[in-house]
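Here's a quick look at how some rings and helices sit together in one model. Have the structure open as you read.

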Amino acid sequence: MTEYSTTSHTNNRVSAALSAAFVPTLPILAGFLFLGVTYGIYMNVSGFSFVYPMAMSLIIFAGSVEYVTVGLLLGAFDPLAAFVMALMINARHIFYGISMLDKYRSTGRKRFYLIFGMCDESFSINCSAKIPDGVDHGLFMLFVTLLNHIYWVAGATLGGIFGSLISFDTTGLDFVMCAMFVVIFLEQWKKDERHLPALLGIGLSALCLVIFGSDGFVVPSMLVLLIALTLLGRSEIKQDSKAGSVAENVNSSSGLTDSPKPTFSSDLSAGSDTTDGSDLPAGSDTNTGSNLPVGSDSSASSDTNTGSDQKGGQVQ
């Protein structure tokens, strides 16, 4: 029974994470299918069988590098040039990895695949998505990465298989990637109440585009963005810590001022004994008021204070 309940709990965790990860990857599905099919067709018309785009999309999993690899495979063998080219194209992933260190640290063995499978789209979702309550964060990021990987491999394989059967003008399909990032940006803009990081990204990228040109602005803009967002994050952390310390001081001071103070009643109920009568002389009426004249009504003692230094009146 225990084993069955454990298995059921695990299945629920997996299904919840998969369901939560599938919805934000739907735009990626549309973009990757088009781009993957285009890549597969490109490999097919270049003389490669469907095995090449399928294997390269599965192992390399870097769309820009895979497109460049077609020319490298058709040219002279130069592994050093291939390494430098791949490093320059995907240098932005260095900054992706730095920003995801904290998120991946607590994912256990899943982090190895998360590091391997991190692409622009997976980074965008895993970095900014609001994961629903009760969903395992590690499984959510794992399924986001896995689903995007499956989309790309499926598109490239289909393009490689049916590339010879499809004949159409593929001009403009490369804009699908740009359109997909615009959709992701707009969704994050609507969900997030703070737009300063997005505005910084637009402004600093445009500035680097003007300074470095369209061929070399990606790496500088990523570096500037990393520095700017790091400084912004530190300033916000300092502000939060100051706010927390102020709130703590206010709570501690209010706790001292609001503490209950001891109260003393000045009025004693009639007939209450302030002394046990042990010090009173024999025959003294302990219920009578102090300093009453002879023959006075003892019930009048309700309006008098029976002090501890006073003795009850002597009854004749």
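What follows walks through the aromatic pairs, a charge over a ring, a helix crossing and one threonine.

## Aromatic pairs

Keep in mind that this is a predicted model. It holds 7 aromatic pairs. Let's start with Tyr 39 and Trp 152: their ring centres are 6.1 Å apart and the planes sit at 20 degrees, which is under the 30 degrees that counts as stacked, so this pair is stacked. In sequence terms the two come from distant parts of the chain, with their positions 113 residues apart: Tyr 39 belongs to helix H2 (residues 26-45), while Trp 152 belongs to helix H10 (residues 137-162). Are these two buried or exposed? Both Tyr 39 and Trp 152 are buried.

Now for Tyr 113 and Phe 116. Their ring centres are 6.2 Å apart with the planes at 45 degrees, so this pair is tilted. Here the partners share helix H8 (residues 110-116) and are 3 residues apart, or about one turn of the helix. Tyr 113 is partly exposed, at 22% relative accessibility, and Phe 116 is partly exposed too, at 38%.

## A cluster, and a charge over a ring

Which residues form one aromatic cluster? Tyr 39 and Trp 152 turn up again here, joined by Phe 32, Tyr 42 and Tyr 67.

There's also an arginine to look at: Arg 111 sits over the face of Phe 112, 4.9 Å from the centre of the ring.

## Where H2 crosses H3

Two packed helices are described by the angle between their axes and the distance between those axes. For H2 and helix H3 (residues 51-59), the axes come within 9 Å and cross at roughly 135 degrees. That angle makes H2 oblique to H3, and the crossing is right-handed.

Which residues meet where H2 passes H3? On the H2 side they are Tyr 39, Gly 40 and Met 43; on the H3 side, Tyr 52, Pro 53 and Met 56. So Tyr 39 has a part in this contact as well as in the stacked pair with Trp 152.

## Thr 69 in H4

Last stop is Thr 69, found in helix H4 (residues 63-74). Why does Thr 69 count as buried? Its relative accessibility is 14%, and anything under 20% counts as buried.

Setting aside neighbours within four places in sequence, Thr 69 is in contact with Met 56 and Ile 60. Met 56 is a residue you've already met, as one of those on the H3 side of the crossing with H2.

How values were computed: Residues are numbered from 1 along each chain as its sequence is written. This is a predicted model: local features need pLDDT of at least 70, side-chain atom pairs count only at pLDDT 80 or more; totals for chains, interfaces and linings use all residues. Side-chain values use heavy atoms; hydrogens and water are left out. Rings of Phe, Tyr and Trp (its six-membered ring) pair if their centres lie within 6.5 Å; planes under 30 degrees apart count as stacked, over 60 as edge-to-face and the rest as tilted. Helices (H or I, at least four residues) and strands (E, at least two) are DSSP runs, numbered from the N terminus. Buried means under 20% relative accessible area, exposed over 50%, partly exposed in between (1.4 Å probe, protein chains only). A charge sits over a ring if NZ of Lys or CZ of Arg is within 6 Å of the ring centre and within 35 degrees of the ring normal. Axes are lines fitted to C-alpha atoms, for helices over the stretch in contact, and angles run from 0 to 180 degrees between N-to-C directions. Angles under 35 degrees count as roughly parallel, over 145 as roughly antiparallel, 65 to 115 as roughly perpendicular and the rest as oblique. A crossing is left-handed if the near helix is turned anticlockwise from the far one by less than a right angle, and right-handed if clockwise. Contact means heavy atoms within 4.5 Å.
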